Amino acid sequence: MEARYLELAIQAAREAGRIQKARFGHSNRVELKGEINPVTEVDLLCERIISETILNTFPDHDLFTEETSFKGKGSRWRWIVDPLDGTTNYIHRFPFFAVSIGLEVDGVMELGVAYDPVRDELFHAARGTGAFLNGQRIHVSETEDLGQSLLCTGFPYDVRENINDYLSYFRQFIMKGFALRRPGSAVLDLCHLAAGHFDGFWEFKLHPWDVAAGSLIVTEAGGQVTGITGQPFSIYSKDILASNGLIHPQMIEAIQEVEPHGLKPVAPPHASEGRNPPKHTLLRSFRASKGTLSAFIHGLRDRGFLRRRVKSERTGQKA
Ligand code: IPD
Ligand code: CA
Ligand code: CA
């Protein structure tokens, strides 16, 4: 991977992070994409800055970002961007969020950059060259026993519709691990796994922009990333199981004990996931809503098919 791609990703991530830090705790406009799925003007501004930075240098590259539908150009290079991962934390002034930028070349993840502006921590990895935190090589932990492991997870935005399913996995890992955290930024969860702070992570229904950079950073730090039941991982698969590798079989075993009552892993969708959903996806969404209209509408919103414009201002102080 040529150094200029990494340099560009770092430049864009640092610039977005600077904005996030400068506006953290200030009054930022918030809209809801789903019942509990927020986007702020900072997400949008950061996405614009990152996109412009990339396109000014590489106008023929493709962009796949959380908040904007860019028309595909059929490029070999595809930048996958979450401008602000951890928006719920951000609007509540909980200082745990990051910028995430990944680069896929010919369908293979080649580069991942994640920047935590609060701690000024920059994680990066290029395929085959290791993972780094502020320039220092990082490695996953050496914990061998699930019972001694610090685990982390997150909940997707349809958590209220499938609460029992998610809680059954949550419960299982509270019982099997040493302790469990839910920090609220998938990319930072993965980066802290890569740095050896967490030993294992799982989550359902993530998007490519949530996991593109972080999954490469984990594997380059010596960790293992698969689907939730151990199947090969793709950033388009939605479900993820990541660990230091040593506890991976124990995590799969624990998940398999839950599976009969739990969510079924989601089949990898087409790479254009989230854009102009095909009819069968809408049908699946309707079935998943178990037939109620309001659950169906929430489901569509949470999948980004509908956007509810609810404007709310947050001041620096919580109400
Ligand atoms: C969310 C965060 C969170 C995870 C959610 C993600 P966003 O991303 O990564 O930790 O649990 O599933 O959607 O919406 O803040 O970019
Ligand atoms: Ca995200
Ligand atoms: Ca985001």
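Start by selecting the donor residues of the calcium ion (ligand 2): along the sequence they are spaced D-x2-D-x124-D. This is a predicted model, so treat what you see as computed coordinates.

**First stop: ligand 2.** Show side chains for Asp82, Asp85 and Asp210; each contributes an OD donor, and they sit 2.1 to 2.2 Å from the calcium ion (ligand 2). Now colour by secondary structure. Asp85 is in strand β4 (residues 77-85) and Asp210 in helix α6 (residues 208-220), so this pair links parts of the chain 125 residues apart. Switch on a surface if you like: Asp85 is buried at 6% relative accessible area, and Asp210 is buried too, at 9%.

**Next door: ligand 3.** Keep Asp82 selected, since this residue bridges the calcium ion (ligand 2) and the calcium ion (ligand 3), with 3.8 Å between the two ions. Add Glu66 and Leu84. The calcium ion (ligand 3) is coordinated by Glu66 (OE), Asp82 (OD) and the O of Leu84, at 2.2 to 2.4 Å. The spacing here reads E-x15-D-x1-L. Glu66 belongs to the loop between β3 (62-65) and β4, while Asp82 is in strand β4, so the pair ties together parts 16 residues apart in sequence. As for burial, Asp82 has a relative accessible area of just 1%, and Glu66 still counts as buried at 18%.

**Into the core.** Hide the ions and select Ile80, Phe123, Ile138, Phe201 and Ile217. Within the largest nonpolar core, which has 36 residues, these touch the most other members. Elements giving two or more residues to this core include β6 (108-116), β7 (121-126) and α6, but the biggest giver is α5, with seven. Colour by domain and you'll see where this core sits: domain 1 (3-138) and domain 2 (146-273) both give residues, so the core lies between them.

Zoom in on Phe201. Beyond its neighbours within four places in sequence, Phe201 contacts a set of residues including Cys152, Ala186, Leu190, Leu193, Leu206, Ile240 and Met251. Then pick Ala12, Phe58, Leu63 and Ile101: they are among the 30 residues of another core, apart from the one you just left.

**Last stop: confidence.** Colour by pLDDT. The chain averages 86, and 81% of the residues score at least 70. Select residues 272-292, where pLDDT stays under 50 and the model has 28 contacts beyond four places in sequence. Then take residues 294-319, also below 50, with 59 contacts beyond near neighbours in sequence. Where pLDDT is low, don't read the predicted coordinates in detail.

Notes
Residues are numbered from 1 along each chain as its sequence is written. Chains are lettered from A and ligands numbered from 1 in the order in which they are written. This is a predicted model: local features need pLDDT of at least 70, side-chain atom pairs count only at pLDDT 80 or more; totals for chains, interfaces and linings use all residues. Side-chain values use heavy atoms; hydrogens and water are left out. Donors are N, O and S atoms within 2.8 Å of the metal (3.2 Å for Na, K and Ca); water is not among the atoms, so sites may look incomplete. Helices (H or I, at least four residues) and strands (E, at least two) are DSSP runs, numbered from the N terminus. Buried means under 20% relative accessible area, exposed over 50%, partly exposed in between (1.4 Å probe, protein chains only). pLDDT is the predictor's confidence in each residue, from 0 to 100. Contact means heavy atoms within 4.5 Å. A nonpolar core is a set of buried Ala, Val, Leu, Ile, Met, Phe, Trp, Tyr and Cys residues joined through side-chain atoms within 4.5 Å. Domain bounds come from an automatic or database domain assignment.
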